[in-house]
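This report concerns a pocket, backbone geometry and cysteines. The sequence and structure are shown first.

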Amino acid sequence: MRKLVAKGATSLAVLSLSALPVLAQDASAAPEVPAVSPEVAYIFNTLLFLIGGFLVMWMAAGFAMLEAGLVRSKNVSMQCLKNIALYSIAGLMFWITGYNLMYSGVDGGFMGSFGPYSFDAVGGNALDTGYSTASDWFFQMVFCATTASIVSGTLAERIKLWPFLIFTIVLTGVLYPITGSWEWGGGWLNGDTVKSIGGAEFSDFAGSTLVHSVGGWAALSGAIILGARKGKYGADGSVHPFPGSSMPLATLGTFILWLGWFGFNGASQLAMGTIGDATDISRIFANTNMAAAAGVVVAIGLTQILYKKVDVTMALNGALAGLVAITAEPLAPSVWVSVFVGGVGGAIVVFAVPMLDKLKIDDVVGAIPVHLLAGIWGTLIVPLSNSDASYVSQLIGIISIGAFTLVLSGVVWMVLKVTVGIRVSDEEEALGLDKVEIGVEAYPEFGTGSQRI
C-alpha cells in the first residue's frame, strides 16, 4: 500500500537503518549498519521525489508523441498543443488549490481545504517532514498532469480546444484532488468504515485507480457525450479504421512513457533514506518492467492468433496496459505475479478495443482500455500479492471513485456542451483541427486540409 504523503505524515522512523546480515546464512555474525543522520535521509528522500518527478514529467512528452503518432496528420499540431497546455494548467491548478484539497486537513473525510500551497522558506530544512515540501508537491503535481493526458488522446480529432482546456481546469483542480484525498490524503477509503466492511483499507500504491482510472472515467464520459468521429462507424455497424500519422512517433512515445513509469512507481515508495527503501525501489523497477514486457508479448501473441497479423498499436498499448495494471501494487508481487498482472493487462487491450467499437465509443488512442480497464484490473488484483488488502475493499474503492468521476465529469461535459459547445463542425473536422483551430499544421507539405487524411 502506498504510504501517505502529507505535511508531517512521514515519521522520523524511516530515517534509521536496521542491522542487516552480510550473508543470510550467517545472520549471527552480521555487523551493525550505522543509521544515517536525519539530514542525509532528508537529502535522499528529497532526491527521490525530484528524480521521480522529472521522470513522470517526461511522460508528458511520451503522451504527446504517442497521441501525435496515433492521430491523423491533420490533427498532430493540436495534440501537441493540448499536451503542453494541459501539463501547464495542471501545474497551476495543483498549486492554486489541488494539493491542499488532496492533502490538507482531510482527516478521514471527503476532501481537504481550498487555497494555494506554501513551500518551505529559502534555505529551509524541515526535518520533521523527512523531505522538502516543494519536492513532494512537484512529485504529486506531475501525477495530476498525467490524469489529464489520458483524456486528451481519447477525445482527439473532434473536440474544440477551449472547452477541453476548461475541463482540464476542473479535472486537475477539483475532481482528481478530491478522489485522491480519499486514499492518499488519509480520507474515508483509508479509514475504519471501509476496513469494517472489507476487512482492510483500500490500497492503491501508485495510482492504477487514483490516477489512471480517474483519467479513464473522465475520458469515457467525454467520449460518450462528444460522440464518434464522423465516418468512424457505418449505419450497418461497420467500423472504418483511421490509421495514425506515424508509428515511429507512437513507438517513441510508448518508450518514453515506459521510462517515465519507473519514476511513477519507483518514487511512490516515498522514501530512500534506508537500505530497505533502496532495495524496495529496485524491486519495484523490476516488477514494473516485467509487467510491461508481459503486456507486449501477450498483445502480440493474441493479435497474431485472432487477426493473423500483429498489430503494432496493440503491442504499444499492451505495454502501457501492463504498466497501468502493475501500478496498484508494484512492490509485493513476485516476478511471476507481475508477469501475470501485466499479461492480463495486455489481453484486456486486445479484447476491449473491438468491444468499444461495437458500442460505438470512439477512443482514438485506446486510452479507455489501457488506463480505465487495465487500471480496474490492477487495483482489483492487489490482494493476490498483498495480504493487507481485501477484494471487497478494493471493489469499494473502484466503484466509489469510478461513480464520482464518471458522474461529475459527465456533468461538466454536459454544461460545456450546452453553453459553449464541445465539438467542431463536420467541415472543420474534415479540414483538420491543425488548420481550423490553431492555424499551424504539423505537415503542411503533405497537402491541404482534408487532403491529408
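Which helices each supply at least two residues of the lining of the largest pocket? They are α9 (312–327) and α10 (335–358), helices being DSSP runs of H or I of at least four residues, numbered from the N terminus.

This is a predicted model, in which local features need pLDDT of at least 70 and side-chain atom pairs count only at pLDDT 80 or more, while totals for chains, interfaces and linings use all residues. Residues are numbered from 1 along each chain as its sequence is written, and side-chain values use heavy atoms, with hydrogens and water left out.

The largest share of that lining, four residues, comes from α10. A pocket here is an open set of points on a 1 Å grid over the protein atoms alone, where a 1.4 Å probe fits, with protein on both sides within 12 Å along at least five of seven lines; lining residues have an atom within 4 Å of a point. The largest pocket has a volume of about 690 Å³, the volume being the space filled by probe spheres set on the points. Among its 25 lining residues, Lys 232, Pro 241, Asp 311, Thr 313 and Val 353 lie nearest the centre.

Two residues other than glycine have a positive phi. Both are exposed, that is, over 50% relative accessible area with a 1.4 Å probe, protein chains only.

| Residue | Phi | Loop | Relative accessible area |
|---|---|---|---|
| Asp 107 | near 50 degrees | between α2 (76–103) and α3 (133–154) | 73% |
| Lys 308 | about 65 degrees | between α8 (275–307) and α9 | 63% |

The disulfide count is zero, a disulfide being a pair of cysteine sulfur atoms within 2.5 Å.

Conventions: Buried < 20%, exposed > 50% of the residue type's maximum accessible area, 1.4 Å probe, protein only.
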